[in-house]
Structure formats: C-alpha cells, structure tokens
Amino acid sequence: MTDEAIGSGDDLDEARRQWSELNEMLTKAQQAYYGADAPTSSDEAYDEAMRALQALEQRHPELASPDSVTQKVGAATITDFAPVAHRQRLLSLDNITTDVELTTWLARSGEGPWLCEVKIDGLAINLLYLDGDLETAATRGDGRVGENVTHNVRTIDGIPHTLRGDDVPAVLEVRGEIFFPVAAFEELNAALVEAGKAPFANPRNAAAGSLRQKDPTVTASRPLQMIVHGVGERDGLDVTSQSGTYEQFAAWGLPVSPLYKVLETPEAVEEYIAHYGEHRHDVTHEIDGVVIKVDDFPAQARLGITSRAPRWAVAFKYPPEEVNTKLLDIRVNVGRTGRVTPYGVMEPVVVSGSTVEMATLHNTHEVKRKGVLIGDVVVLRKAGDVIPEIVAPVVALRDGTEREFVMPTHCPSCGTELRPQKEGDKDIRCPNSQSCPSQLRERLFALAGRGGFDIEALGWEGAQALLAEGLLVDEGGLFELTAEDLLRTEIYTRGAKKQEIEDRGEAPVGGVKDGRVLSSTGEKLLANLEQAKSQPLWRVIVALSIRHVGPTAARALAQRFGSMDAIRAASLEDLAFTDGVGHVIAESVKEFFDVDWHVAIVDQWAASGVRMADEVDESTPKTLAGLTVVVTGTLPNFSRDEAKEAILSRGGKASGSVSKKTDFVVVGENAGTKAEKAEQLGRPMLDEDGFRKLLEGGPEAVAGAEA
C-alpha cells in the first residue's frame, strides 16, 4: 500500500481502519519471517507497508501505540527453544533508498568518519562471552528476549568457543549475522524436495531454519557462517570506535567482514554504495544494501536511539531483486537446437526495475528439484540483466488448488514426438530440427545476435515475419533476401504512396508494393545483411547454431583451421586436439557436417558471398603466443570483445577465470573477485596502459611494471 493509497487521512475513523489493517498485516508478516522461517511476503511488500504505516502515524500521532510494529524491533516467537534475555537490546535499523535520503542522513549524523559495510541478508544473532568463553547464543527475538540456540551455534565453523589472547573482557555481547552461502542454497533445497520436505524460500530462511534445528547434528551438517557487526554490553573492551571494535574482534578470533571501510567524506560513502550495488553478487552471501554507521562511539552516544533503531546508523537498501508473485502456468519453449525448456508464466511484477511475466525453469528435473507447483506463490529473482528465475515456492501460502507440471510428449510447435538426444540426457528435444517452426525462428534470431552475424535489424519479431510470409524456409536463404521480398512483410514496410514519395524528391527503395515502401528498418536490414557477409569466420561458425559451439570454441576453431572447408575436412582427432574445443565439441561439429541440409546452408551462404575463410594477417606480431590473459572490470578504450580480439590476434588465450596458470590479469574499473584472486595467487596485474604495452611488446615490455 502506497502513501497515496492512504488518502488524506482527514477522516480519523478511516485512518484508524487503515492503521489496523496495516499493523495486522505487518504483525503476521513478522511472525512468519522471524518465528516460522517461512516468509509470506517479499521484503519489498513489507517495506512498502511499513512506510505506509509510518506515514499514517506521522499524520495521526494519536494512532501510534506500543502495539504498533513501528515501535518494535522484531517479533516474539513461540518455539521449543528456551528464552534468553539480552543484556542490551538488539535494535533494528531504519532504511533509506534514495540519494536524497542518504545526503540528508549524512548531514544529520555529523561530519564523519563513517564505517560502511555490506548488509548481510541473514539471521541476527547475539553471542555472550564471559571471561572469553561462549556462554550463550540467542536469536534476535523481539530485541529484548530471543531463543537459546547455543548448542547449535557451537557447531558452526568460524565461531570461537573461547576468545584468543590474554586481554579478553569479562563480559562481551557480540552481535552479528548467520548466513547460508548462496552457492550451497540450491543444493540444500534440492535435497529437501527429494526427501519430501518443503524447500526454503531464500538463503536467509535456509540459515534461520538450519539454526533452529532441534538436533544440533543437522545444523552441523549445513555450511552456516557468521560475520560480526556490532557490540552490546561489554566490560573490559577499551575502544572508542566501531572500527576499533572490529579490529579487536578480529584479534580475538571473531569472524569480521573483510569488506568494511572507514570513509571520511559523503562522496566516498556514495562510491562505496555504488560499488557494491554493481558487485552485490560477487559476495559469498546475500546482501540487500549497505549499512552506514558513525564510527566514533562518543558521537554515537550523542545521537542516541529511537524506540527501535539507532540514530547513528542506517541501512541503504538496494532495489529488490526478489519479489513474490503468483505462478499462473508452466509452459514450454523449443530452442534453436531443439531443446524443450519449461518456463513460468506469472502475474506481472516489477523486479530490478523491469516488469517480469515469464521466468526460466530450465528443464523438468529442475521443476521437480525446486518443488514448484502451478498455482504457487513463488519467490522470483532477477539480478540486474540476468534472466529472471523462479527460486522456490512459498509453501506456507498453498491452499490445495496447486497442481504438478506435466512435461508434454510432443513438440507444441510442430507435433513431433519429443525425446532425449542421447541416452541419459536430462533435456528432451524436438528432433525435427530442419523444419520445426520454433527452432527455425530461434536460429534466425540467434544468428543475428552480437555473437553471430550482428544483424541489428533482425530481431525476434523480424525472424517470425520472414518465416510467416514464406520468405525463408531455413536460414540458408537469408542473404538472398531482396527489397521486393521485404515489401511482403508488415514489420519492414511503411504505408506511403509512390506519388507522395516522388513529390518529396525521394526515390523509393526497391519499388512500391500495394502503396507501401520499405521502412528505415527494412532498409537497415538490407544494409546489415551486406555488411554481415564480411564478418570473420568465427562469427559464421557461431551463426550455424552447432550444439555446444559458442564464441570461445568458434574462435579456437577459426584460429586453428582458418577456413570453413578446413573445419569440414578435419578429423575428429584434429578437431578435439584444438585448444578450447575437446572431444564433446569436436563430436558435435562432426555430427553437424554429416547432415546434408546443414551443409546446404553453408554452401548457400558461401554462394551468396558470405566469407568462409579468414585472411591471414602476418602484420600482427604474435607477442602473446603461449600466454593466458584475463581481463576484468571496465577498460575505457576497449570493449570486452575488443580486448579479447586483441589478445587472440596476438596468439594469446583470453580466459574468463584466474588460476595459477594465468600469466597476466588486466584490471579495469569496478573489477570484482577476479582481481582479488589474482592478488591472492600473486599473478601479475596490469592497468590499461600496461595492457597496451603487453600487446605491443609482450612480457618483456611490462617486466616490473605490474599494477
């Protein structure tokens, strides 16, 4: 419910009714989230309702009461765990989401410095150490009383039972977050579904559910981790800042995040927030924002706290990447290689800044592995530009009307019986690759992509139009299309009379048909097709949609053999011996050219003028022969493809991962974990200037000049 939905609030009875509805909804959501580890609403919906309730109480202060969730930290829980009273209250944090709110908060909090750390989406925990020994571990609960989970916490690697050193305090309450690593989350859910148990909705609830096990051995079997981020009551901790506390924590053996920074200016805080907004998926745990704290303890004391949150700290929340929505249906799509992929059709929902109605489910085994039923409320995730994905069902909201998905036995596009390509394949495919309408459309769309011929004016709708009008029976005739052909389509034409065109002094391109002329998109398609004929060989190979052959393998084949004829004539052993190809890809290439109609397409393209061999450029020195180079981050004067091309053309290998065998790592702006790994492994790192020198002169040109 938005602020606008509340109305003016002039009618106190109406305001009281709205307050009751919001408070009840938020209370139930808190109980589900904190008490049952089974959230029934998304973080976005919860935050929106909380803002609406706060706005209502600001306009009508008489509505605010101790019963309001705005006055509480969490929720009391009724469980099998004994209650534990915290020595100091565990407070919550106020949230901000805009640059304006951030500027206002920073100005109100003082002149800095500020400690910034990523906001872990986990389970809040309070550890009490007495004379250095772990006495109790308790969940947040309502901020005053939590659940005693000491036996389970003792099973978690990285949480010391006894603090290191001789200077340990007599009393120390340590606050932190227990989390479930993202990489292990799907594996756990799959195991639960296979065992007939309900999956967790997200890693945060996997952490909470794993910690609240009656049997500590179950907790011990799961890869829980903790990072500390605060302190409660202490006796013998003589520090004056948040950062000083973290340094002391690390010295005592407590797990402290390596990602926190103490920053002196608002601009530096903004840069930190922007950096992790772009790199939030480079971290092992889920993060949903950045926490900013006034670093100085005396300044914290001056700012004080409210009933539920400190005034000296705030959470800057990133736009949500997970939302809840209704799964209306599961349908299937037939891809360019015949693979049949289930996808979810959902009630439209905004996530990561765009409206999403469909999300991939990969294959029928994945549907079963995730335990998703048609009709479920599901957790939908969309991380930036990544394809939307259904994470898990919200089992607590099932009402019995949900039903299982049944994979079709025949292709929905051409009616051919579906089957695995090889015994043991998880995927099933439509074997009618030559004439299945869906496969034809997807191959046309794919070959026009940036990794293929790069035909900008040929999109999914254009491919559909060319096939629907019978202008193409397969991709072989693509480069024979004429203006007269395109005039038969709606998408590549526009309505105009010949006389009107001539009156403007223009000449109609390709003539006029039924009062229509080529649109600018139609003219662009013809120009794109002409330009595409001169694309390098590796792009032509990608455009053929050979199974398993992407840009990396295509580059390797083009570099090794130099021409399409040489690739067609190569033996299986020669193909497999190519660096970056291997036996599986080699078999796929041989199988492709054993099919008559595949060969006919290649021959038709060649007859239309498509280049089938690369010119040997002896002028480019092979300065990187035998070297493996990784490029990470953004280079001002090289796109990712240009950097890769520069490495390959000089005889080097452009790798996507850093290892001990990596010779150089080129580090641009906003480099992520690859730069960190290069530093850990002691691999030479270069900036863009160093990269240019490496390209021109080889390793000798950058000896001793690593970044």
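Which residues does T623 touch, not counting residues up to four places away in sequence? In this predicted model, the partners of T623 are R650, L694, L695, E696, G697, G698 and P699. T623 is found in the loop between helix 23 (596–607) and strand 19. The relative accessible area of T623 is 17%. T623 therefore counts as buried, since the cut-off is under 20%. A polar atom of the T623 side chain lies 2.7 Å from the backbone oxygen of L695. L695 is thus listed both among the residues touched by T623 and as the owner of that backbone oxygen.

The surroundings of this loop include a sheet. Strand 19 belongs to an open sheet of 4 strands. The strand order is 20-19-21-22, and the pairing is parallel. Strand 20 (653–655) and strand 22 (685–686) stand at the edges. Each has a single partner strand, so one side of each is left without a neighbour in the sheet. Strand 22 is joined to strand 21 (residues 664–667) by 2 bridges, and the two run parallel. V666 has L686 of strand 22 as its bridge partner. Helix 24 (residues 640–649) lies across strand 19 (628–632) and strand 20. The angle between helix 24 and strand 20 is about 145°.

Antiparallel pairing appears elsewhere, around strand 3. Strand 3 covers residues 114–120. Of its 7 residues, 6 are buried, so strand 3 is largely enclosed by the rest of the structure. Strand 3 pairs with strand 10 (residues 287–294) in the antiparallel sense, over 7 bridges. Within this pairing, V118 stands opposite V290 of strand 10. Strand 3 is also joined to strand 9 (residues 261–263). Here 3 bridges are found, and the strands again run antiparallel. W114 has L263 of strand 9 as its bridge partner.

At the level of the whole chain, the secondary structure comes to 26 helices and 22 strands. The protein chain has 707 residues, of which 49% count as buried. Its accessible surface comes to about 33400 Å². Carbon and sulfur atoms account for 49% of that surface. Contacts were also considered by sequence separation. Among those between residues at least 6 apart in sequence, 67% join residues at least 24 apart.

The buried nonpolar residues form separate cores. The largest nonpolar core holds 56 residues. Within this core, F453, I455, L478, I541 and W605 touch the most other members. The contacts of I541 were listed without its neighbours within four places in sequence. They are I546, V549, A554, L557, A558, M564 and I567. A second, separate core has 41 residues. Its members include V228, L237, F297 and V379.

A further buried position is N152. This residue is placed in helix 5 (residues 150–153). N152 has a relative accessibility of 2% and counts as buried. Its contacts, leaving aside neighbours within four places in sequence, are F81, L211, R212, Q213, D215, P216 and T219. N152 and T623 thus both count as buried, at 2% and 17% respectively. N152 sits in a helix, whereas T623 sits in a loop.

Key. Residues are numbered from 1 along each chain as its sequence is written. This is a predicted model: local features need pLDDT of at least 70, side-chain atom pairs count only at pLDDT 80 or more; totals for chains, interfaces and linings use all residues. Side-chain values use heavy atoms; hydrogens and water are left out. Buried means under 20% relative accessible area, exposed over 50%, partly exposed in between (1.4 Å probe, protein chains only). Contact means heavy atoms within 4.5 Å. Accessible areas come from the Shrake-Rupley method with a 1.4 Å probe; for residues, only the protein chains shown count as cover. A nonpolar core is a set of buried Ala, Val, Leu, Ile, Met, Phe, Trp, Tyr and Cys residues joined through side-chain atoms within 4.5 Å. Two strands pair if DSSP finds at least two bridges between them. Axes are lines fitted to C-alpha atoms, for helices over the stretch in contact, and angles run from 0 to 180 degrees between N-to-C directions. A polar contact is a pair of N or O atoms within 3.5 Å; within protein, one must be able to donate a hydrogen and the other to accept it, and residues adjacent in sequence count only if both atoms are side-chain atoms.
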